[in-house]
Amino acid sequence: MRLVSWNLGHQCREDSIPNTFFAAIEALSPDVLSLNEYVHGSTRANMVGRLKSVGLSHLAVSQRLNGHNQVLVASRYSLAPGSIVGTATDGHGGASNFLHVQIPTMNLDFVGVRAPAYSGVALHDYWNKLLQIIRSTKGQRIAFMGDLNTDPDQPKRSTARYLRSLREEGWLIPVPDGLWSFASKAQTTVSGSFSEVRLQ
């Protein structure tokens, strides 16, 4: 099962989505696609239609709160609403950038998430709350995926320790390789960044 997460970089705007995005999605052929830093709206009918044309016919979108970004999950499999809600934060960014869905036919829970760009005390408060949510699902067949704005293997990032602690507790933290995210020196023709993971 291939899960793909893509940060569209829309920064709270309902920006256009280029044709190259759809070509990339067709080539990647995900079973589940999570879009973050995404804004849903009246211009998305074409995007929804094109996702359906490549087999991603089941969609769910997080609620837009206080003008924040959203998360969209598109799947080849039927989706059911999940019960986990995003972190409580000032301005509701933690909730708007969080979407829990269930994929009953695969016995899988999936959470699309983007860590809002907080700093200082608010940043660490967000992460402590997010870890509480993640730890509460221990034992479930669940994947959290998106843009966490951190890297467990970059110690200079103050939030790296949170992902390292999850890894130490036995959570699988994939390490992307190849052309991905802002770490790639290669320039691509598609805005945003993506990463993928396979579930056995």
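Buried here means under 20% relative accessible area, exposed means over 50%, and partly exposed is whatever falls in between (1.4 Å probe, protein chains only). This is a predicted model with residues numbered from 1 along each chain as its sequence is written. Local features need pLDDT of at least 70, side-chain atom pairs count only at pLDDT 80 or more, totals for chains, interfaces and linings use all residues, and side-chain values use heavy atoms, with hydrogens and water left out.

**Figure 1. The whole chain, with five helices and nine strands.** Helices (H or I, at least four residues) and strands (E, at least two) are DSSP runs, numbered from the N terminus. Going along the sequence, the elements come as β-α-β-α-β-β-β-α-β-β-α-β-α-β. Of the 200 residues in the protein, 44% are buried. Contact means heavy atoms within 4.5 Å. Take the contacts between residues at least 6 apart in sequence, and 65% of them join residues at least 24 apart.

**Figure 2. Where to trust the model, going by pLDDT.** pLDDT is the predictor's confidence in each residue, on a scale from 0 to 100. The protein averages 85, and 87% of its residues get to 70 or more. What about residues 184–200? There pLDDT stays under 50, and the model has 44 contacts beyond four places in sequence for that stretch.

**Figure 3. Helix α5 and its buried residues.** Which residues of α5 are buried? They are Ala160, Tyr162, Leu163, Ser165 and Leu166. An α-helix has 3.6 residues a turn, so residues three or four places apart point the same way. The buried residues of α5 pack against α4. Just past the end of α5 sits Gly170, with a positive phi of about 105°.

**Figure 4. Helix α4 (residues 120–135) against helix α5 (residues 160–168).** Their axes come within 10 Å and cross at roughly 15°. Since angles under 35 degrees count as roughly parallel, over 145 as roughly antiparallel, 65 to 115 as roughly perpendicular and the rest as oblique, α4 is roughly parallel to α5. For the geometry-minded: axes are lines fitted to C-alpha atoms, for helices over the stretch in contact, and angles run from 0 to 180 degrees between N-to-C directions. The α4 and α5 crossing is right-handed; the near helix is then turned clockwise from the far one by less than a right angle, while anticlockwise would be left-handed. On the α4 side, the residues in contact are His124, Trp127, Asn128, Leu131, Ile134 and Arg135, and they meet Arg161, Tyr162, Leu163, Ser165 and Leu166 of α5. Sorted by class, this contact has six nonpolar, three polar and two charged residues. The classes go like this: Ala, Val, Leu, Ile, Met, Phe, Trp, Tyr, Cys and Pro are nonpolar, Asp, Glu, Lys and Arg are charged, and the others, Gly among them, are polar.

**Figure 5. Helix α1 beside helix α2 (residues 45–53).** The two pack at an angle of about 20°, with their axes 10 Å apart. That makes α1 roughly parallel to α2, and the crossing of α1 and α2 is right-handed. Asn19, Phe21, Phe22 and Ile25 of α1 meet Met47, Arg50 and Leu51 of α2. The α1 and α2 contact breaks down into five nonpolar, one polar and one charged residues.

**Figure 6. Cys12 and Asn149, two loop residues with positive phi.** Cys12 belongs to the loop between β1 (2–7) and α1 (19–28). Its phi is near 70°, a positive value in a residue other than glycine. Cys12 has a relative accessible area of 34%, so it counts as partly exposed. Asn149 is in the loop between β8 (142–147) and α5, and its phi is about 55°, positive although Asn149 is not a glycine. Buried, exposed or partly exposed? Asn149 is partly exposed, at a relative accessible area of 34%.

**Figure 7. Gly82 and the residues it touches.** Gly82 is in the loop between β5 (80–81) and α3 (93–96). Which residues does Gly82 touch, leaving out those up to four places away in sequence? His100, Val101 and Gln102. The C-alpha atoms of Gly82 and Gln102 are 5.6 Å apart, with their positions 20 residues apart along the chain. Gly82 is partly exposed because its relative accessibility is 26%.

**Figure 8. Pro174, in the loop between α5 and β9 (193–198).** With a relative accessible area of 41%, Pro174 is partly exposed. The C-alpha atoms of Pro174 and Met145 are separated by 10.0 Å, and these two are 29 residues apart along the chain.
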